[in-house]
Structures are given as structure tokens and as C-alpha cells.
There are 2 protein chains.
Amino acid sequence: MTALFNRTHAGQTALPAQFQEAMSALLEARFTMSLPVREHHGKDESPFGIIAPDAVAFVNSTDEVAAVIRLCGQHRVPVIPFGAGTSIEGHFLAPHGGISLDLSGMNAVIAVHAEDLTVTVQAGVLRKQLNEEIKHTGLFFPIDPGADASIGGMCATRASGTNAVRYQTMRENVLALTVVTPEGKIIQTGTRARKSSAGYDLTRVYVGSEGTLGIITEVTLRVFPQPEALSAAVCAFPTVASAVQTVIETIQMGVPIARVEFVDALSIRAINRHDKLDLAEMPTLFFEFHGSASGVAEQAETVQQIAAGNDGHRFEWATHPEDRKKLWNARHSAYFAALQLKPGCKAVVTDVCVPISRLAECVTATDADLQASSLPCPIVGHVGDGNFHVIILIDPHKPEEREEAEGINARIVERALAMEGTCTGEHGIGMHKKEFLRTEQGDDALDVMRAIKRALDPMNLLNPGKIFELD
Amino acid sequence: MTALFNRTHAGQTALPAQFQEAMSALLEARFTMSLPVREHHGKDESPFGIIAPDAVAFVNSTDEVAAVIRLCGQHRVPVIPFGAGTSIEGHFLAPHGGISLDLSGMNAVIAVHAEDLTVTVQAGVLRKQLNEEIKHTGLFFPIDPGADASIGGMCATRASGTNAVRYQTMRENVLALTVVTPEGKIIQTGTRARKSSAGYDLTRVYVGSEGTLGIITEVTLRVFPQPEALSAAVCAFPTVASAVQTVIETIQMGVPIARVEFVDALSIRAINRHDKLDLAEMPTLFFEFHGSASGVAEQAETVQQIAAGNDGHRFEWATHPEDRKKLWNARHSAYFAALQLKPGCKAVVTDVCVPISRLAECVTATDADLQASSLPCPIVGHVGDGNFHVIILIDPHKPEEREEAEGINARIVERALAMEGTCTGEHGIGMHKKEFLRTEQGDDALDVMRAIKRALDPMNLLNPGKIFELD
């Protein structure tokens, strides 16, 4: 698997001259074969090397996407959709060459239907931008992967984040998509109705398809009223197990908690340095409660009791908006803070998700495994969903560290699958987890996925080489 | 369209003798060609005539389903999965002959993982049975279509019901399926993890596929803690518009209401007769609040204020469990109560769902349209989702009444689509709404569905003739 990522790709496929001419005629300077631009589009946030596309096309509209896709079809040129470039599983790499289709220019919020709690946006809109633009309506969009990802990319990887325990994931919060099919047709996959039984669930065929079935150009999302009251707290625990047990009991009691994040002692050290905080360097939970004033107070009271029963320390409250923001910025920057623990390092990030009853066991066994490693391995996690990440810090110039990291990852996945969990809670498969997907789903289920892929993209032009091998 | 339903089918395709022998060898007396059994399996709760399958196979396990499907493939015999027989869109009719695959014997609750809030059941388990069997764990499964449907059937039509406003629909509450593919392979579509980004969302490819892509034999569902407190109330309103406006404001304020159901004056009359109640015969909302004791009180207070602002009468509370049960039984029996308004009648039931901001306009315009009809047309609805049903009562022996009902239905659908809604919120397409689906989705989106169908079921043996035409 490693071999795939080892070379710097600097143009393997000569794009047909006629294709180049047609693309230049269509997009003018927005079609480019400049090496720096290609290299920027041939890497992601992962430690994998660059595998650059042969050209990059910057598109501004669904019609332009359709025109590009038709040209790609005519000339058999692969297409890799590109949003904010924040994938960590090799989604943008171009092992089969072709063009990167950059949708970042499609960044308009098209419609805000505040009265229906829906918005429609172009795929290149970033999640923070969306929340800025709808703030004045009293609404917010809760899905928040660590990076400031694009909404289209978040659809493509079925992303989630810290709010999923209450507000769920992209799977549940996308109402409809505009998609350009591999033949260059433009379809709508749904309506603005909150629910529907109208035929196959095309929306969810494309959500999570990682750009392999169609190009998502517009997205209709559910949004939510900003809670009337909101409070946040951190609580330190003597052990990983006691922190995780607190989460398990909270979920099992049905407390409608908005966020509950686990951050291990090493991550706290990284965060303290990066964000100039002085949190106790112990296994810690970050909590957030949303609701009415009395509802929030009640939830907080219940969770404090559960935490106390598990030897949790006193809750440290962040009630002022600026304190709360500081706290959650620190949580969101955990990944970047972790990178600073080892100068010049890159991270291999694991992403398993297990049934909540197995979470303490899975995290504890993982923690024990990590003790034997020479690599720094901070752990953070959306533990309310049973999802956690080990951020394995490696020197990208030392293949043996990469290998050790992949070994840790493989053992975590094996552990999670044995506990009826999944190899990826929110990051997707990309190029990196294809073998894990096969183990998780089995060959027969994978054959169903492949049959869908072949039916919708018979020439295998959309993001080829991702999710599974076709042959 | 009407012509499809006009004949009583009494065996058009002679099943191959070898197939009959092999099926009898496999299932013994559980494979039958008895006419009454076939006719029972060739009709549903709709006013459409019987179109019976050529035989019925009663299966007891996933392996048996796989064996039957392989035989059907060898002999090119169509297969129509059958659960509780409660469809109302012609899902079970056999216009291409073949066998009905009756899964009602697969009615075991396989596993209850109370600590993970999941259960795994065989597809033939009925929704009321499931709730009986898990009651002692303190959990419940909220999805409640009017009929006591099977969980497999509810998956197949992407069902919902009165609790969907808070607990959502089958789309969101199915974690994983066991599916027998048209080649007779057995696959798992997911794990028990709460979220996953592991490849295409096969679970949601099958949820809503109406038995046309694979046979669902086992289902892993999310279940929920029974709320600590629970209260229910009814409130009468002077007009349809004022009732619906109350719902719109409740949803827009983000009140986490568990149920809010609209029942029009004519439906109240029917319910009063059927359930021996004496509710005011006016447009009425049925409410239910779930949460902590103080949370429920707070929600109820907020909604009462909204209702008062819309000229709602005083709330009539049903706080005792038996009163609450009586109230909701009455709401659930609205369909059967309505049938008694017109002795010997059958119902054509509409099922549109619109964005909530358009709901008052859609219901009011529909109400005005119904005034011009000679047919009794009570209205009920899951209005918190923007979904409502007109129960159009027709004499099945008078084609002109059928025609009038279909005209009303077509106008309601047209109205809903113009308001960015869907032709079916929860009943599915079946044979009845194929043309509406085409209008709603467009030919290009329908072509994507057809491509998926052809890829997964190339011989078109699974429930042929449903959702769309293949040719």
C-alpha cells in the first residue's frame, strides 16, 4: 500500500492536445497545467507524498462542471473533484492522472430559508463561511470536522465532527444535492421536504461516494436554531477508562448533550502549549450543553453527577462566549497542536468508531498498545458517537516510522471491527483504507458497490482508484 | 394508470414445473399455489384490485431466502417480498406474476443491545411486537406508521409516522441491514457503529428501494430511552390555517416536540364515533412532549403560548398513561375511523410533504379544493414534518369516484411539487405514483435509479414494475 504514495508525480499522462485546447477555450486561464498548482492539488493533509493531476480546472458554475465533464468523457480524462483540500486519506491524489476539478470558486450561499430551517449552498462554500453568513438569522449549521472543509467535500466523505452526538452527520443533514453525472447531465437528488419516500435515496448514494459517482455542485442542508442557552465545561479524570465511562453513561441515559469530546493527557499538553492554556494534563472531557436555560442547567447537573461517580474532578465552566470560543478553538486545534509536539512531523490519523458499550475497552486497549510505541500518539475523540482518533506523529523521512504508524492503525482497525465497529467514522476510505473496507464489508458487499460504480461511471473517470479497486 | 388495477389476476404465468418441484422440496408445505393464499398476497390496504402472484413462499431464515432467490434466478421467476401486507401504493401486486416471498415467519428479535441503544431484528418483526419485547429494557422504537407494519416493510418504504418530528424516519434510524442480493448472496450493509464513512451507503441504497434491489432479512435499528416524563394534549382551533400556523411556529422555534399531529374536523367526527370520544369537531392538534419533568413542562408552556397566539382553545391534557394511550390510539385509528364514514368504501390516501413554511398554504388550498368534491375527504397529518394525508373515500364499484379521487390526488401532488415538496413523504411509490416520481425527479435522475436497478438486478426479478418503468 505504501508504494502508492512514495513518488512525486510530475505529469505522467499527456493530456490529449484537443482536450487541452477545448478546456482552454472553455475556461481560459482557469485551466492550467502549472506545476505548483498541480502539486497543490495532488496532496492533502495526510503524510502521503504528492501525486499531482495533469492539470487543474477552476470552475464557477454547475453548467461549467457539466461542460468539463463532457469533455473529459469525450477524451477519457479522469476527473478528481477538489474542495478545500483538507482530506486526510489521499482523496485528491491522482494515481491515474487526469484533471483536478477545483470547486472552491463555487462559494455562494444560494438561498437561506430560515423559516424552513434549510439552506442551499454551492459545493465550495466552507463550513465557517456558511455559519458566518447565516449567523444573523439565528440559525447555525452544526457539522464541524476539524478543518474548515468545504460543504461539497463534507458531503463526499460523509463528514461529522464534535456536534454529531446531538445533530448527527452529513448522512442525516443533507436534504438534496445537485449532481453532475459522468455523462455531464445535471440532476437534483431530492426536494426541500424534510422527509420523502420518493424512489431510491439518490442523495445518500452520493453522500459518502468520495467523488467517484458524480460531482456534487450544490447542497441543500438542514440548519438549526441557535440554542437559547449554551454552556461549556471541561472535566479532568484520573484514567482514560473513567473519562470514557462517563461518556457511556451520559449517552445511555439519553442526556441530549450537544458535544462531548475526549482529549487525552498528551493532547492536553499539546493544546496547553499551542493555545497558551493551563489545563491539567490528564484525560479530559470537553462538554457543551444546548437548550433552554433550565434544560441546560438540568443536563449539566446530571452529567456532573455521572462524572463524580467516575472520579471526575470539578467541572471548569466556560460560560462567557469568548471563554467558550477559546475552549472549542483549543479542541479544534488539537490536530495542529499535536503536530508541534514533534517538529517537522506529519500525522497518520486513525478514525475507528465502535458501539458505545465497547468504547472504554477499545480506547484502553489502544492506549496500552500505544505505550509500546516509540512514536508520540495523542488521542482525541468524538466519544459520544464511539469515534476516536489517534494522531500518530511520524518523521515523513523515516519509512520505519510510517510503517510503525500503519501497524498501529491496522491493529486499531482490527480491534474495532472485532467489536462490531467501522474502520472509519468520518474520514472516508480514499486510497488509504481500501483494504480495511474490504475486511469490514466483505467481498460480496464490495461487489454491490462496484456494480453501482460501473453502472453510473462505466468509463471509470470519476476519482478512479479510490474506495476500492475495480478490477 | 387505472387499467393496471382493474383485473383480478388468477395466475397468468405458469411457473416452470422444475421450479415448483425445487421449491416444494425446499419449503414443503410452506410453498403453496392455493388461490386464497395467493389472493391474500396480491392485494394491500389500497383500493386497487387483486393482482395475485403465482405462488407464495413462506420463509423462516436468511439462508432460505437466499436459496429461494437462487431458484428464482435460475428459472427467471419474479419475487415480491411480503411483510405485514399493509402497503397502500400497490407494492405487493404481481403485474409480472412470480412468487410472493412471505417473511412474516421471520419474526424474532435477534439481539437487544440496550447499552448501545440498538436492536437487531428479523425483517418480519412487527413494530408493536418490537416495542412489547423491549419494553422491560426501558427503551422504545419510535417509528410508527398507522398500521402495525413489519420492520422490513418499513425499511423498504422508508416509513415514518407520528414521532418523526423528533425521532426522524427509517432513513435515519437503520444502522445496518442483512440483504439477500438477486444472485442469492448474503451481505451486511453496515456495522453497529453509530456513524461510518466506510464506502457507499449501502444501507440507504436498500432503505426505500421497495424490494426492487434486494431482500431485507435482518435489520439493526437505533432505539431510544423511554422519556423520563411524557405528556399529551389536544387543542382545537377555529381554522385549518390557525392550527397549521401553530405547528410552523413551534418547529421554527426549535421546540423539541415529540409529536404534533393535525386532525381536521371531519376526522374528529370519525374518531369520536369510532373511539367513543367527544372531542370538539374542529381542526385539532394532538401534541406529545418527551423529556425531563421540567423540560416537558417548559415545552408545553411554550407551545400553549404559540397556540393561544393563533386563537387555539384551551389544551385538554391526557396525563394518565391510559388516557394518553386512548388519545393516541384514536389518532392511529383515524384511517379506520374514516372508512366508517362511508359504509363499504375504500380510501385513496394522498401523502405529500412540503417545506414547513408552505404547509398552511398547501393544506388550505387543498381544503378549498376538497370543498368542491362530492367525496368525503378527511385530512390528517404529521404536520411537524410538513407531511399530511387526505383520506379520499370512494365506492370501489364506482369508477367515476376513483377517477375523481385520482384527480384530487394529482392536484395535491402538483401543488406540493410547485412548493418544493415531494409526492410521497412516507408511503412510497409502488405502482401508483410512478408518473408522479418522474415529474418530481426528472428523467435524468430517474435514469440514475434505473442504472442502479439494472446493475444490481439485471434480470429484473425483484418486485418488477414498481417505482419506475425500466423500458
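How many disulfides does the structure hold over all chains? The count is 0. The model is a predicted one, and its cysteines are a good place to start. Take C353(B). C353(B) takes part in no disulfide. The nearest cysteine sulfur belongs to C362(B), and it is 9.7 Å away. A disulfide needs two cysteine sulfur atoms within 2.5 Å, so the C353(B) and C362(B) pair does not qualify. C353(B) is also buried, at a relative accessible area of 0%.

C377(B) tells a similar story. The closest cysteine sulfur to that of C377(B) sits in C345(B), 11 Å away. That is too far for a bond. C377(B) counts as buried too, with 8% relative accessibility.

Next, the two chains. How many degrees of turn lay chain B on chain A? The turn is 180 degrees, with a shift of 0.0 Å along the axis. The RMSD of that fit is 0.0 Å. This is the relation of a two-fold axis. The interface agrees with this picture. Of the interface residues of chain B, 100% are also interface residues in chain A. The copies therefore meet through the same surface.

One residue with a contact across the chains is S209(A). S209(A) sits in a loop of chain A, between α8 (202-206) and β10 (215-222). Is S209(A) buried or exposed? It is buried, with a relative accessible area of 1%. Beyond residues up to four places away in sequence, S209(A) touches A156(A) and I467(A) in chain A, and Y200(B) in chain B.

Now the helices. Two packed helices are described by the angle between their axes and the distance between the axes. Begin in chain B, with α14 (residues 359-371) and α15 (residues 399-418). Their axes are 10 Å apart, and the packing angle is about 160 degrees. Angles over 145 degrees count as roughly antiparallel, and α14(B) and α15(B) are therefore roughly antiparallel to each other. The crossing of α14(B) past α15(B) is right-handed. Which residues make the contact? From α14(B) come C362(B), A365(B), T366(B), D369(B) and L370(B). From α15(B) come I408(B), R411(B), I412(B) and R415(B). C362(B) has appeared before: its sulfur is the nearest cysteine sulfur to C353(B).

Chain A offers a second pair, α15 (residues 399-418) and α16 (residues 434-441). Here the axes come within 11 Å and cross at roughly 15 degrees. Angles under 35 degrees count as roughly parallel, so α15(A) and α16(A) are roughly parallel to each other. α15(A) passes α16(A) in a right-handed crossing. On the α15(A) side, the contact uses N409(A), A410(A), V413(A) and L417(A). On the α16(A) side, it uses F436(A), T439(A) and E440(A).

Turn to a strand. T178(B) lies in β8 (residues 174-180) of chain B. T178(B) counts as buried, at 5% relative accessibility. What does T178(B) contact, leaving aside its neighbours within four places in sequence? One partner is T62(B). Others are I186(B), I187(B) and Q188(B). The list also holds I215(B), I216(B), T217(B) and E218(B). E133(B) is another matter. E133(B) is 45 residues from T178(B) along the chain, and their C-alpha atoms are separated by 21 Å.

A52(A) lies in a loop. That loop of chain A runs between α2 (35-40) and β2 (55-58). A52(A) is nevertheless buried, with a relative accessible area of 0%. A52(A) and A416(A) are 364 residues apart in sequence. Their C-alpha atoms are 33 Å apart in space.

Last come two backbone details. K276(A) is not a glycine, yet it has a positive phi of about 55 degrees. K276(A) is found in the loop between α10 (265-275) and β14 (284-291) of chain A. K276(A) is exposed, with a relative accessible area of 71%. D311(B) also has a positive phi without being a glycine, about 65 degrees. Where does D311(B) lie? It lies in the chain B loop between α11 (293-309) and β15 (316-318). D311(B) counts as exposed, at 56% relative accessibility.

Conventions: Residues are numbered from 1 along each chain as its sequence is written. Chains are lettered from A and ligands numbered from 1 in the order in which they are written. This is a predicted model: local features need pLDDT of at least 70, side-chain atom pairs count only at pLDDT 80 or more; totals for chains, interfaces and linings use all residues. Side-chain values use heavy atoms; hydrogens and water are left out. Buried means under 20% relative accessible area, exposed over 50%, partly exposed in between (1.4 Å probe, protein chains only). Copies are superposed by least squares on the C-alpha atoms of residues with pLDDT of at least 70 in both. Contact means heavy atoms within 4.5 Å. Axes are lines fitted to C-alpha atoms, for helices over the stretch in contact, and angles run from 0 to 180 degrees between N-to-C directions. Helices (H or I, at least four residues) and strands (E, at least two) are DSSP runs, numbered from the N terminus. Angles under 35 degrees count as roughly parallel, over 145 as roughly antiparallel, 65 to 115 as roughly perpendicular and the rest as oblique. A crossing is left-handed if the near helix is turned anticlockwise from the far one by less than a right angle, and right-handed if clockwise.
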